[in-house]
Amino acid sequence: MRYDVLVDVQLRGGIADPAGATIERALPALGYDGVVGVTVGKTVRFTIEAADEVEATSRSEDLCASFLTNPVIEDATVTVTLADDGSDT
Amino acid sequence: MSTTVGVVVFPGTNCEMDAVTAVERLGGEGRLLWHADDDVAGVDAVIVPGGFAHGDYLRPGAIARFSPMMGAIARFAADGGPVVGICNGFQVLTEAGLLPGALQKNSGLKFLCQPTVLRVDSIDSVLTRRAVFGAELSVPINHFEGNYTCDVETLARLRDDDRIVLRYVDNPNGSVDDIAGVCNEERNVVGLMPHPERACDELLGSIDGEVLISSLLGSSPVVAA
C-alpha cells in the first residue's frame, strides 16, 4: 500500500520565529487587525510504502524524530492518507 | 612535531581555509577532510568549520550529521580526540548529538556580522585551556542562527558542570545565559558560534582568537581509560 504523508513542522513555543513575528507586525499596516499568533513553519510531503496506515504513521514519525525535526526547537504533526493509486482494491 | 588539525569540508562549507590558515600561522598543520570519507586520517585534532553544510537545507547541520565523516568524528571524540565546531560546525555538532542544545534564529531577527567580546568562563576545555579565566576576547560573529537554546534541565547541568566555556559580554543574539560556547562532559568537544580563526591576524582587527586555536593545537588526545 502507498500512503501520502504530510508533515507539518512548527517551532515549539518560546522558540524565536522571526518570520512569524515579522508577518504579524506587518498585518495592521495592511488593514488586517486582530490577527495574532502567526507562526511560520514548513511542510514536508512524501509517499511511503507500508503494509497499513499504522505502519506508515509509525515509520513517518520515526523519520520525523530522527531527521525531519530537531526536537529541541521543533514539533511536528504527521497526517497519513491512502494515496490515490495506493490501494490494490 | 607539529599538531595536525583536520578541517572538515562539506558541500557548502566556506570557512575551511580560514581555519587552515589560522592553524598554520600558529605552527600547526592543517589538513582538509572530505565529508564523504569515513576516517579522520590520523589527525591530532578536528575543526568542523563554518559555512552552509549541505546548503543548510531542512535545518543547519541536519543533513551534515549523516555524512560518513561525522561517524568518524564521533569515534575520534569518543576516544578523547579534541573536536571544535565553529559557527555552522557548532550547529552540526548539536545536530549530531555530540553537544547538547540547538541554535535557533537570532532574537533580533537579523543576520549578524560584527565583532563581539567573549568572556572566558571555563579554562577546562580543549579550546580554552591556554586562556586566562575571566579574560575578555574580541572575536567576530557571522550568523543568523546563533541563538543558543536548550531545555532547563540541560542548562542547569551545563552550569553545574562548568561547561559554558565562553559567554558574550553583550549578548548579540538572545542566547540563553549569554552562551557563546559549550563543551561536552568529557570537555574534548567544544562548539562556539564566534569565529576565533578570523581573529588570528592583526590585519583582521584582532588576534584574540590565537589563544583559543593554540589551546586546540596543544590539546593532545586524552587516552581513553
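**Exercise 1. Find the bridge partner of B:Arg167 in S10(B), then place S10(B) among its neighbours.**

*Solution.* Let's start with the pair itself: in this predicted model, B:Arg167 has B:Ile179 as its bridge partner in S10(B).

Next, look at the strands on either side. Strand S9 (residues 164-168) and strand S10 (residues 179-183) of chain B are paired in the antiparallel sense, with 3 bridges. Within S10(B), B:Val182 is the residue opposite B:Ile164.

Now follow B:Val182 to the next strand. S10(B) also pairs with S11(B), again in the antiparallel sense over 3 bridges, and there the bridge partner of B:Val182 is B:Gly191. The hairpin of S10(B) and S11(B) has 5 residues between the strands, and B:Arg187 in this hairpin takes a positive phi near 70°.

Finally, check burial. Since 5 of the 5 residues of S10(B) are buried, the strand is largely enclosed by the rest of the structure.

**Exercise 2. Write down the strand order of the 9-stranded sheet in chain B and work out which strands stand at the edges.**

*Solution.* The order is S2-S1-S3-S4-S11-S10-S9-S6-S7 (chain B), in an open sheet with mixed pairing.

Read off the two ends: strand S2 (29-34) and strand S7 (136-143) of chain B each have a single partner strand, so each has one side without a neighbour in the sheet. From one strand to the next, the twist averages 25°.

To add a helix to the picture, take H3 (residues 88-95) of chain B. Helix H3 lies across strand S3 (45-48), strand S4 (83-86) and strand S11 (189-192) of chain B, and runs at about 120° to S4(B).

**Exercise 3. Decide whether B:Val92 is buried or exposed, and list its contacts beyond four places in sequence.**

*Solution.* First locate B:Val92: this residue belongs to helix H3 of chain B.

Then count. There are 33 other C-beta atoms within 10 Å of B:Val92, and the cut-off for burial is 20 or more, so B:Val92 is buried.

For the contacts, leave out residues up to four places away in sequence; B:Val92 then touches B:Val48, B:Ala53, B:Gly61, B:Ala64, B:Arg65 and B:Gly85. As a distance check, B:Val92 and B:Met69 are 23 residues apart in sequence, with 12 Å between their C-alpha atoms.

**Exercise 4. Identify the residues with the most contacts inside the largest nonpolar core, and the helix that gives the largest share of this core.**

*Solution.* This core has 71 residues, and B:Val46 and B:Ile73 have the most contacts inside it. Helix H2 (residues 68-78) of chain B gives the largest share, 6 residues.

Take B:Ile73 as the worked case: beyond its neighbours within four places in sequence, its contacts are B:Val40, B:Val46 and B:Val83. Another core lies apart from the largest one; its 7 residues include A:Tyr3, A:Ala56, A:Leu68 and A:Val80.

A rule of thumb fits here: in soluble globular proteins, nonpolar side chains tend to be buried together.

**Exercise 5. Name the buried residues of helix H1 of chain B and find what covers them.**

*Solution.* In H1 (residues 16-25), the buried residues are B:Glu16, B:Asp18, B:Ala19, B:Val20, B:Ala22 and B:Val23. Their cover includes strand S1 (4-9), S2, S3 and helix H5 (210-217) of chain B. Just after H1(B), a positive phi of about 95° appears at B:Gly27.

Two residues other than glycine make a useful follow-up. B:Asp56 has a positive phi near 60° and lies in the loop between S3 and H2 of chain B. B:Asp162 also has a positive phi near 60°, and is found in the loop between helix H4 (152-160) and S9 of chain B. B:Asp56 is partly exposed, with 18 other C-beta atoms within 10 Å; B:Asp162 is partly exposed with 14.

**Exercise 6. Describe the side of chain B that touches chain A, then review the confidence scores.**

*Solution.* Begin with the counts: 13 residues of chain B are in contact with 9 residues of chain A. Strand S5 (102-104) and strand S8 (147-149) of chain B each supply at least two residues of the chain B side. By type, that side has 4 nonpolar, 6 polar and 3 charged residues.

Then the scores: ipTM is 0.81 and pTM is 0.91. Chain B has a mean pLDDT of 95, with 97% of its residues at 70 or more. Over residues 221-225 of chain B, pLDDT stays under 50, and the model has 10 contacts beyond four places in sequence for this stretch.

Note on methods
Residues numbered from 1 in each chain as written. Chains lettered and ligands numbered in written order. Predicted model: local features only at pLDDT ≥ 70, side-chain atom pairs only at ≥ 80, totals over all residues. Pairing = 2+ DSSP bridges. Helix = DSSP H or I, 4+ residues; strand = E, 2+ residues; numbered from the N terminus. Axes fitted to C-alpha atoms, helices over the stretch in contact; angles between N-to-C directions. Contact = placed C-beta atoms within 7 Å. Core = buried A, V, L, I, M, F, W, Y, C linked by C-beta atoms within 7 Å. Buried ≥ 20, exposed ≤ 12 C-beta atoms within 10 Å, placed from the backbone. Nonpolar A, V, L, I, M, F, W, Y, C, P; charged D, E, K, R; others polar. pLDDT = per-residue confidence, 0-100.
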